[in-house]
Amino acid sequence: QEAIAVGSSFALNKDDYILPMHRNLGVFTTRELDLEKLFSQLMGKDGGYTKGRDRTFHFGDMNKKIVGMISHLAAMLPVANGLALSFKINNKKNIALSFVGDGSTSEGDFHEALNLAAVWELPVIFIIENNGYAMGTSVDRTSNVTELYKSGLSYNIPSEPVDAMNVIKVHRAVAKAAKRARDGEGPTLLEFRTYRYKGHSMSDPAKYRSKEEVESYKDQDPIEQVKKMVLTKK
């Protein structure tokens, strides 16, 4: 899922706010947080941001415009709305970007946030990281609408699917949405279609999918795509 965080972050200005999730390491590195402190955090060391109490991204850095994550992931979208509303009230050109997983699109916070952002025409970007399985249940077992971007269309929000295995496509989609927001045209919903090679956590053996399926996605790996792009570019 690396292309999502990196492509999205580079498409924004440094003073735009980002509300990340568990796997958005690329947000923290593109915003140039101290790498020793950051990787101490990931290893649960005392030198990390939460001083060894945690080894994931349950922290933020307001100097870098990164808002600390709430594990109930859809709960971050209303926070993004609050930030976006403050920008609009104060006539600022900043925007807020918030990530949410495919599983969280079934939560009330997701739909309430979309509705409010649409009604108030807020400068906010909502990104669905759709890796197909949430914590282990496939999208088609939790929703009759498996093309998740269509949720935004019901609130009259410009919405589209994006091949999130390609960092250039991610960057272009977010840059386009950011321009809309800065021009006063309101929110955008992007469904970034990606993949997670391993289970949701260390305790998840991911038996709900085949080895063949996992292998089929490795040809599309975002890092491998960048390698090929660099090596073949003339």
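Biologist: Where is the place of Glu32?

Modeller: In this predicted model, Glu32 sits in the loop between H2 and helix H3 (35–42).

Biologist: Why is Glu32 called exposed?

Modeller: Glu32 has a relative accessible area of 58%. Exposed means over 50%, so Glu32 with its 58% earns the word.

Biologist: And what makes the phi of Glu32 worth a look?

Modeller: The phi of Glu32 is positive, about 60°, although Glu32 is not a glycine. Most residues other than glycine have a negative phi.

Biologist: Which loop holds Asn91, and what is its phi?

Modeller: Asn91 lies in the loop between helix H4 (76–89) and strand E2 (96–101). Asn91 is not a glycine either, yet has a positive phi of about 55°.

Biologist: How do you know whether Asn91 is buried or exposed?

Modeller: Set the value against the cut-off: Asn91 has a relative accessible area of 70%, and exposed begins over 50%. Asn91 is therefore exposed.

Biologist: Why is Ile168 called partly exposed?

Modeller: Its relative accessible area is 33%. Buried would need under 20% and exposed over 50%, so Ile168 falls in between and is partly exposed. You will find Ile168 in helix H7 (residues 167–182).

Biologist: What makes the nonpolar surface patch, and how is Ile168 able to count in it?

Modeller: Ile168, Val226, Met229 and Val230 make the patch, which covers about 300 Å². A patch residue needs over 30% relative accessible area, and Ile168 with 33% passes that cut-off. The largest share of the patch, 3 residues, comes from helix H9 (residues 222–232).

Biologist: Now the pockets. What is the volume of the largest pocket, and which residues are closest to its centre?

Modeller: The largest pocket has a volume of about 980 Å³. It is lined by 22 residues, and the closest to its centre are His22, Arg23, Lys198, Gly199 and His200. Helix H1 (2–10) and helix H2 (25–30) each supply at least two residues of that lining.

Biologist: How does the lining of the largest pocket divide by class?

Modeller: There are 8 nonpolar, 8 polar and 6 charged residues in the lining of the largest pocket. Gly counts as polar, so Gly199 belongs with the polar residues of this lining.

Biologist: What about the second largest pocket?

Modeller: The second largest pocket holds about 370 Å³ of space. Of its 18 lining residues, Leu73, Gly101, Ser104, Met135 and His200 are the closest to its centre. By class, this lining has 4 nonpolar, 9 polar and 5 charged residues.

Technical notes: Residues numbered from 1 in each chain as written. Predicted model: local features only at pLDDT ≥ 70, side-chain atom pairs only at ≥ 80, totals over all residues. Heavy atoms only, no water. 1 Å grid on protein atoms, 1.4 Å probe; cavity = no way out; pocket = protein on both sides within 12 Å on 5 of 7 lines; lining within 4 Å. Points joined across faces, edges and corners; volume = space filled by probe spheres on them. Helix = DSSP H or I, 4+ residues; strand = E, 2+ residues; numbered from the N terminus. Patch = residues over 30% accessible without salt bridge, like charges linked within 9 Å, V, L, I, M, F, W, Y side chains within 5 Å. Areas by Shrake-Rupley, 256 points an atom, 1.4 Å probe, with all protein chains shown as cover. Salt bridge = Lys/Arg side-chain N within 4 Å of Asp/Glu carboxyl O. Buried < 20%, exposed > 50% of the residue type's maximum accessible area, 1.4 Å probe, protein only.
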